[in-house]
Amino acid sequence: MHPAGLPRELRLRLAGDFAALRTSSGRLGGRCFHLRYRPNGLGHARLGLAISKRVSKRAVERNRLKRLLRESFRRIRDQLPPVDVVVMARDVAAGLPGTELLAEADALWQRLAAIRLAPPPAAAPAASDPHH
């Protein structure tokens, strides 16, 4: 049986990818989560998670939040634009039931899917081109 995990190509793994999202990105937020996103030029969305100990001291609770977010992302990833996304949890998320967390995550994904993004900076034409 094939595992239901998130394939490597759909995950943010490099520190540089996370750092790029911290410096120049769009933002969306809700009661339990906030996310940062930016176009990636890859043709598909990639997910990164940043669930800190500030949210919950208990690893089991942080891991539960990550599982819920990955599952939510898996269900909608084909509808998302080609972006890198980092999702961060707020303190209030640790105490809420999974159904509420999934509902908010799904609402954030829908908002992200509705955004029309500019192409990544490397794909934009040069403004100093004298032939235009």
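What follows is a set of questions and replies on how the terms used for this predicted model are justified.

Me: What kind of model is this, and how are its residues numbered?
Reply: The model is predicted, so local features need pLDDT of at least 70 and side-chain atom pairs count only at pLDDT 80 or more, while totals for chains, interfaces and linings use all residues. Residues are numbered from 1 along each chain as its sequence is written, and side-chain values use heavy atoms, with hydrogens and water left out.

Me: How do you know which part of the chain should not be read in detail?
Reply: The guide is pLDDT, the predictor's confidence in each residue, from 0 to 100. The chain averages 84, and 85% of the residues score at least 70, but over residues 123-130 the pLDDT is below 50, and this stretch has 0 contacts (heavy atoms within 4.5 Å) beyond near neighbours in sequence. Where pLDDT is low, the predicted coordinates should not be read in detail.

Me: Why is Ala105 called buried?
Reply: Buried means under 20% relative accessible area, exposed means over 50%, and partly exposed is in between, with a 1.4 Å probe and protein chains only. Ala105 has a relative accessible area of 3%, and therefore counts as buried. Ala105 is found in helix 3 (helices are DSSP runs of H or I with at least four residues, strands are runs of E with at least two, both numbered from the N terminus), and, leaving aside neighbours within four places in sequence, Ala105 is in contact with Phe33, Leu69 and Ser72.

Me: What makes the pair Asp17 and Arg46 a salt bridge?
Reply: A salt bridge is a side-chain nitrogen of Lys or Arg within 4 Å of a carboxyl oxygen of Asp or Glu. The N to O distance for Asp17 and Arg46 is 3.5 Å, so the pair qualifies. This pair links distant parts of the chain, with Asp17 in helix 1 (residues 15-23) and Arg46 in strand 3 (residues 46-50), 29 residues apart. Arg46 also meets Asp84 in a salt bridge, at 2.8 Å, N to O, and Asp17, Arg46 and Asp84 are linked in a network of salt bridges.

Me: Why does Glu61 count as buried, and why does Arg64 count as partly exposed?
Reply: Glu61 counts as buried because its relative accessibility is 11%, whereas Arg64 counts as partly exposed because its relative accessibility is 21%. Glu61 forms a salt bridge with Arg64, the closest N and O atoms being 2.6 Å apart, and both residues lie in helix 2 (residues 59-76), 3 residues apart, about one turn of the helix.

Me: How do you know that Glu104 has no salt bridge?
Reply: Lys and Arg count as positive and Asp and Glu as negative, while His and the chain ends are not counted. The nearest side chain of opposite charge to the buried Glu104 is Arg31, 5.8 Å away, so the salt-bridge limit is not met. A polar atom of the Glu104 side chain does lie 2.8 Å from the backbone nitrogen of Cys32.

Me: What makes strand 1 and strand 2 a pair?
Reply: Two strands pair if DSSP finds at least two bridges between them. Strand 1 (residues 26-29) and strand 2 (residues 33-39) have 4 bridges in the antiparallel sense, and therefore pair. These two strands form a hairpin with 3 residues between them, and Leu28 stands opposite Leu35 in strand 2. Leu35 also has Val87 in strand 4 as a bridge partner.

Conventions
Polar contact = N/O pair within 3.5 Å; in protein donor to acceptor, adjacent residues only side chain to side chain.
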